[in-house]
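Reader: I'd like to go through the cysteines and then a few of the aromatic side chains, with the cut-offs spelled out as we go. Can we start with the cysteines?

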Amino acid sequence: KEKNHMFDIIYSLIGLIICTSIVIFFVKKKRGHKDFYFSVITVTFFGILCLFLIIWNTEDYIAIKNKNFQTVSGQCVVTEFETTGRTTIHQLHVEINGLVVFGEFDDFSDVRQGTYPCTVKYIEKTRTLFSIKQNSTNK
């Protein structure tokens, strides 16, 4: 999980560098180009998006490195969420005590779906699921 966040940060950083260099190129060399403003505004938008992704993923990465997780126990409703179409999203959704957290399904493919008592560790700011453990029902 830590490695995935590092790759996300690197890819977003590469995107930010590319967008910044394109904007600089257009501002220095192509002021007379017919699509100058459209190009600069569009690439600036994507650069800001990359910067947002860098910040978002860095916060998760720091939380994982510092083991800064929230833990909650209770009755869990665990479901698989999958979209079809051009973009595929495949996640595990866990609802516990009115809180919904999300995790990549591939990371939690061994987790049983259904309703049962469990303990969940998650990153508070992004509600990213870090671990889920089924609690025993014996008292």
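Author: With a disulfide taken as a pair of cysteine sulfur atoms within 2.5 Å, the count comes to 1 disulfide. This is a predicted model, in which local features need pLDDT of at least 70 and side-chain atom pairs count only at pLDDT 80 or more, while totals for chains, interfaces and linings use all residues. Residues are numbered from 1 along each chain as its sequence is written, and side-chain values use heavy atoms, with hydrogens and water left out.

Reader: Which cysteines form the disulfide, and how far apart are their sulfur atoms?

Author: The partners are Cys 76 and Cys 118, and their sulfur atoms are 1.6 Å apart. Cys 76 lies in strand 1 (residues 70-82) and Cys 118 in strand 4 (residues 114-123), so the bond ties together parts that are 42 residues apart in sequence; strands here are DSSP runs of E, at least two residues long, and helices are runs of H or I of at least four, numbered from the N terminus.

Reader: And what is the handedness of that disulfide?

Author: The torsion about the S-S bond of Cys 76 and Cys 118 is about -60 degrees, so the disulfide is left-handed.

Reader: Is Cys 76 buried or exposed?

Author: Cys 76 is buried, at 0% relative accessibility, where buried means under 20% relative accessible area, exposed over 50% and partly exposed in between, using a 1.4 Å probe and protein chains only. Cys 118 is also buried, with a relative accessible area of 0%.

Reader: Why is Cys 50 not bonded to Cys 19?

Author: The sulfur of Cys 50 is 4.8 Å from that of Cys 19, its closest cysteine sulfur, and this is too far for a bond. Cys 19 is buried at 13% relative accessibility, and Cys 50 is buried at 14%.

Reader: Switching to rings, how many aromatic pairs are there?

Author: The count is 6 aromatic pairs, where rings of Phe, Tyr and Trp (its six-membered ring) pair if their centres lie within 6.5 Å, and planes under 30 degrees apart count as stacked, over 60 as edge-to-face and the rest as tilted. One of them joins Phe 45 and Phe 46, whose ring centres are 5.5 Å apart with planes at 70 degrees, so the pair is edge-to-face.

Reader: What about Phe 52 and Trp 56?

Author: Phe 52 and Trp 56 form a tilted pair, 5.6 Å centre to centre with 45 degrees between the planes. They are 4 residues apart in helix 2 (residues 36-65), and are therefore separated by about one helical turn.
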